[in-house]
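Let's take a walk through this chain together, from one end of the model to the other. Have the sequence and the coordinates open beside each other as you read.

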Amino acid sequence: MFGLPIVLNPIMFIPFIIVPIVLVTVAYFSTSLGIVPVATFMPPWVTPPVIGGFLATQSFAGAILAAINLILSVVIYIPFVKLGVDQELKKETEQ
C-alpha cells in the first residue's frame with residue numbers, strides 16, 4: 001500500500017479500484033458458465049496466485065483462471081504505472 005504508493009495517489013487509486021472489479025467479473029462469469037469449477041476451499045492468503053487458484057477449485061482450470069487474472073491485472077496497471085513514473089521523472093528534471 002505504501003511502497004508504490006497507492007495511499008493518497010490519485011493515479012494509482014484508479015486501477016486499485018478497477019482491477020478487483022474486473023477480476024471478480026471475469027471469475028464470476030467463468031464460474032457461472034461452467035468453464036471453471038466452483039471454489040470449495042480457501043487457500044491461505046500467502047499462497048501464490050496460480051497455486052491458490054488450483055487449490056481453491058481443485059482444478060487446473062482454476063489455476064489457468066488465476067494466471068489470466070494476474071495477466072489482466074498487470075495489463076490494467078501498466079499505463080497507470082507508466083504515467084506515475086513519467087510524472088516523477090518530470091518532477092526530477094524540473095528540480
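Leucine 8 sits in the segment before H1, where helices (H or I, at least four residues) and strands (E, at least two) are DSSP runs, numbered from the N terminus. With a relative accessibility of 86%, leucine 8 counts as exposed; the scale used here calls a residue buried under 20% relative accessible area, exposed over 50% and partly exposed in between (1.4 Å probe, protein chains only). From leucine 8 to serine 73 there are 65 residues in sequence and 20 Å in space, C-alpha to C-alpha.

A word on the ground rules: this is a predicted model, in which local features need pLDDT of at least 70, side-chain atom pairs count only at pLDDT 80 or more, and totals for chains, interfaces and linings use all residues. Residues are numbered from 1 along each chain as its sequence is written, and side-chain values use heavy atoms, with hydrogens and water left out.

Now step back to the whole chain. Three helices and zero strands make up its elements, in the order α-α-α from the N terminus. The radius of gyration of the chain is 17 Å, well over the 12 Å that the globule rule gives for 95 residues, so the chain is more spread out than a compact globule. That radius is taken over C-alpha atoms, and the rule is 2.2 Å times the number of residues to the power 0.38. The C-alpha trace spans about 55 × 25 × 20 Å along its principal axes. Of the 95 residues, 25% count as buried. The accessible surface comes to about 6900 Å², and carbon and sulfur atoms hold 76% of it; these areas come from the Shrake-Rupley method with a 1.4 Å probe, and for residues only the protein chains shown count as cover.

Let's follow the first stretch of helix, H1 (residues 10-32). Its 23 residues should span 33 Å at 1.5 Å a residue, and the end C-alpha atoms are 34 Å apart, which agrees; the expected span is 1.5 Å times one less than the number of residues. Which residues of H1 are buried? They are Ile11, Met12, Pro15, Val19, Leu23 and Ser30, and what covers them includes H3. Serine 30 counts as buried because its relative accessibility is 11%. Leaving aside neighbours within four places in sequence, serine 30 is in contact (heavy atoms within 4.5 Å) with Ile35, Val36 and Leu65. After H1 comes glycine 34, with a positive phi near 85°.

Serine 73 in helix H3 gives a view from the other side. Its relative accessibility is 11%, so serine 73 counts as buried. Not counting residues up to four places away in sequence, serine 73 touches Val19 and Leu23, both of which are among the buried residues of H1. Across the chain, 48% of the contacts between residues at least 6 apart in sequence join residues at least 24 apart.

Between helix H2 (49-57) and helix H3 (60-94) lies a loop that holds glutamine 58. Glutamine 58 has a phi near 55°, a positive value in a residue other than glycine. Is this residue buried or exposed? At 52% relative accessibility, glutamine 58 counts as exposed.

Farther along H3, look for a nonpolar surface patch of about 310 Å², made by Leu4, Val81, Val85 and Leu89. Patches are made of residues with over 30% relative accessible area and no salt bridge: like charges are joined within 9 Å, and nonpolar side chains (Val, Leu, Ile, Met, Phe, Trp, Tyr) within 5 Å. Valine 85, in helix H3, counts as partly exposed at 41% relative accessibility. Valine 81, also in helix H3, is partly exposed with a relative accessible area of 30%. Valine 81 and isoleucine 35 are 46 residues apart in sequence and 32 Å apart in space, C-alpha to C-alpha.

We finish with charge. Side chains of opposite charge can pair when their charged atoms come close. The structure holds one salt bridge, defined as a side-chain nitrogen of Lys or Arg within 4 Å of a carboxyl oxygen of Asp or Glu. In it, the side chains of lysine 91 and glutamate 88 meet at 3.6 Å, N to O. Both residues lie in helix H3, three residues apart, about one turn of the helix. An α-helix has 3.6 residues a turn, so residues three or four places apart point the same way. Lysine 91 is partly exposed at 47% relative accessibility, and glutamate 88 is partly exposed at 43%.
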